[in-house]
Amino acid sequence: MIPGDFEYHRPNSIGEVVSLLSTHGDEARVIAGGHSLIPMMKLRLAAPEHLVDLQDVAGLVGVSEDGGAITIGAMTTQTELIASKVLAENCPIIREAALLIADPQVRYCGTLGGNVANGDPGNDMPALMQCLGATYLLQGPDGTREVDARDYYEAAYFTELKDGELLTGVRFEKPVVGHGYAYKKLKRKVGDYATAAAAVILSMNGGSCVSASIALTNVGDTPLYAQAASDALVGTALDAATIDQAVALAESITEPASDGRGPAEYRTKMAGVMTRRAIEEAKERAQ
Ligand SMILES: Cc1cc2nc3c(=O)[nH]c(=O)nc-3n(C[C@H](O)[C@H](O)[C@H](O)COP(=O)(O)OP(=O)(O)OC[C@H]3O[C@@H](n4cnc5c(N)ncnc54)[C@H](O)[C@@H]3O)c2cc1C
């Protein structure tokens with residue numbers, strides 16, 4: 001299929017992007033890696049009249065450390081996330097999850113910003129950002145604002161992003177040194193979106209869990225932050241009964257569709273299996 005006609009813009013600065021988006025309103029879309037938008041345009045599920053390419057926009061690429069926080073520019077590709085020394089040392093779950101996205105060709109082009117801004121419940125990074133307690137950095141005609149990843153997603157492809165706004169990056173506090181982590185993803189084959197996936201970050205002290213965070217991918221209209229399941233782990237030794245309880249709580253918030261990846265009941269159970277495996281591996285990795 002061939003996309004509809006559009007006018008192509010290639011600005012150099014965030015200010016120019018915001019100005020173009022403000023001028024053209026909902027007739028304009030930004031394009032980052034193009035690996036979600038172009039297929040949608042080819043299927044005519046998206047038909048923007050103005051395409052604003054972010055490739056040449058300064059200041060949107062890279063991973064930086066600032067005290068206890070890490071900021072990742074929206075145009076940082078998944079390949080760059082995988083190669084980042086800062087992330088490998090401070091937050092290796094991002095590398096682990098990025099390696100489970102699609103295939104190397106997609107990862108060379110697909111960006112963190114495109115992955116989280118889009119609102120596709122199948123994307124892996126949104127739940128991970130919720131697990132990390134990340135904040136999305138947005139810039140629009142009225143200036144900048146920040147939205148918690150846990151508050152950003154409203155429904156499939158509906159987000160807090162307003163017309164005229166650009167997501168410029170994400171920021172999160174580094175998980176504590178010695179934290180345990182795991183991203184577990186069930187997929188039908190290499191390159192597929194998740195049937196169900198779970199991100200877990202936790203920390204232990206003297207055999208007791210002192211913090212825990214769990215989020216789920218592709219088992220609802222949005223990524224799901226599993227608050228009750230996370231809370232159930234804290235203050236325990238992560239014994240079998242506690243993990244059973246957390247798994248049940250995680251399953252209880254899922255609302256997957258029945259589709260080619262399986263019936264809803266199966267996908268809910270798989271969310272539980274992924275949660276269990278991620279908690280167990282995170283516990284093993286925690287120091
Ligand atoms: C074959 C295939 C398999 C895939 N498998 C997976 C998978 O398993 N897991 C997974 O997570 N992803 C998967 N993806 C998606 C891919 O990883 C990209 O993350 C995704 O395409 C979005 O990133 P992008 O840079 O390509 O965004 P684009 O396609 O350029 O943009 C996507 C949407 O986000 C908007 N957007 C982009 N950047 C910004 C920004 N900075 N601010 C505001 N809005 C923005 C665009 O306007 C558009 O609406 C797959 C893609 C393909 C083609």
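**A chat about the ligand site, the sheet and Thr 254**

Modeller: In this predicted model, 31 residues surround the ligand, and those that come nearest are Val 30, Ala 32, His 35, Thr 111 and Asp 124.

Colleague: What is the make-up of that shell by class?

Modeller: The shell around the ligand holds 14 nonpolar residues, 13 polar ones and four charged ones.

Colleague: Which helix or strand gives the most to it?

Modeller: Helix H7 does, with four residues. H7 covers 112–117, and strand E2 (28–31) and strand E10 (166–173) also each supply at least two residues of the shell.

Colleague: How far is the side chain of Thr 111 from an oxygen atom of the ligand?

Modeller: An N or O atom in the side chain of Thr 111 is 2.7 Å from an oxygen atom of the ligand. For Asn 115, a polar side-chain atom lies 2.8 Å from a ligand oxygen.

Colleague: And which atom of the ligand does Tyr 193 lie 3.1 Å from?

Modeller: A nitrogen atom of the ligand; the distance of 3.1 Å is to a polar side-chain atom of Tyr 193.

Colleague: How much of the ligand does the protein bury?

Modeller: The protein buries 91% of the 950 Å² that the ligand exposes when taken alone.

Colleague: Changing topic to the sheet: in what order do the five strands run?

Modeller: The order is E4-E5-E10-E6-E7, in an open sheet with antiparallel pairing.

Colleague: Why is one side of E4 and of E7 left without a neighbour?

Modeller: Strand E4 (63–66) and strand E7 (143–148) are at the edges and have a single partner strand each, so one side of each has no neighbour in the sheet. From one strand to the next, the twist averages 25°.

Colleague: How many bridges link E5 and E10?

Modeller: Five bridges, in the antiparallel sense, pair E10 with strand E5, which spans residues 69–73. Ile 72 stands opposite Val 170 of E10. Strand E10 therefore has a place in the sheet order and also supplies residues to the shell around the ligand.

Colleague: One last residue. Where is Thr 254 found?

Modeller: Thr 254 is in the loop between helix H11 (240–252) and helix H12 (264–285).

Colleague: Does Thr 254 count as buried or exposed, and why?

Modeller: Thr 254 counts as buried because its relative accessibility is 10%, and the cut-off for buried is under 20%.

Colleague: Which side chain does the side chain of Thr 254 join in a polar contact?

Modeller: That of Thr 268, at 2.9 Å. In addition, a polar side-chain atom of Thr 254 lies 2.8 Å from the backbone oxygen of Glu 251.

Technical notes. Residues are numbered from 1 along each chain as its sequence is written. This is a predicted model: local features need pLDDT of at least 70, side-chain atom pairs count only at pLDDT 80 or more; totals for chains, interfaces and linings use all residues. Side-chain values use heavy atoms; hydrogens and water are left out. A residue is near a molecule or strand if one of its heavy atoms lies within 4 Å of it. A polar contact is a pair of N or O atoms within 3.5 Å; within protein, one must be able to donate a hydrogen and the other to accept it, and residues adjacent in sequence count only if both atoms are side-chain atoms. Accessible areas come from the Shrake-Rupley method with a 1.4 Å probe; for residues, only the protein chains shown count as cover. Ala, Val, Leu, Ile, Met, Phe, Trp, Tyr, Cys and Pro count as nonpolar, Asp, Glu, Lys and Arg as charged, and the others, Gly among them, as polar. Two strands pair if DSSP finds at least two bridges between them. Axes are lines fitted to C-alpha atoms, for helices over the stretch in contact, and angles run from 0 to 180 degrees between N-to-C directions. Buried means under 20% relative accessible area, exposed over 50%, partly exposed in between (1.4 Å probe, protein chains only).
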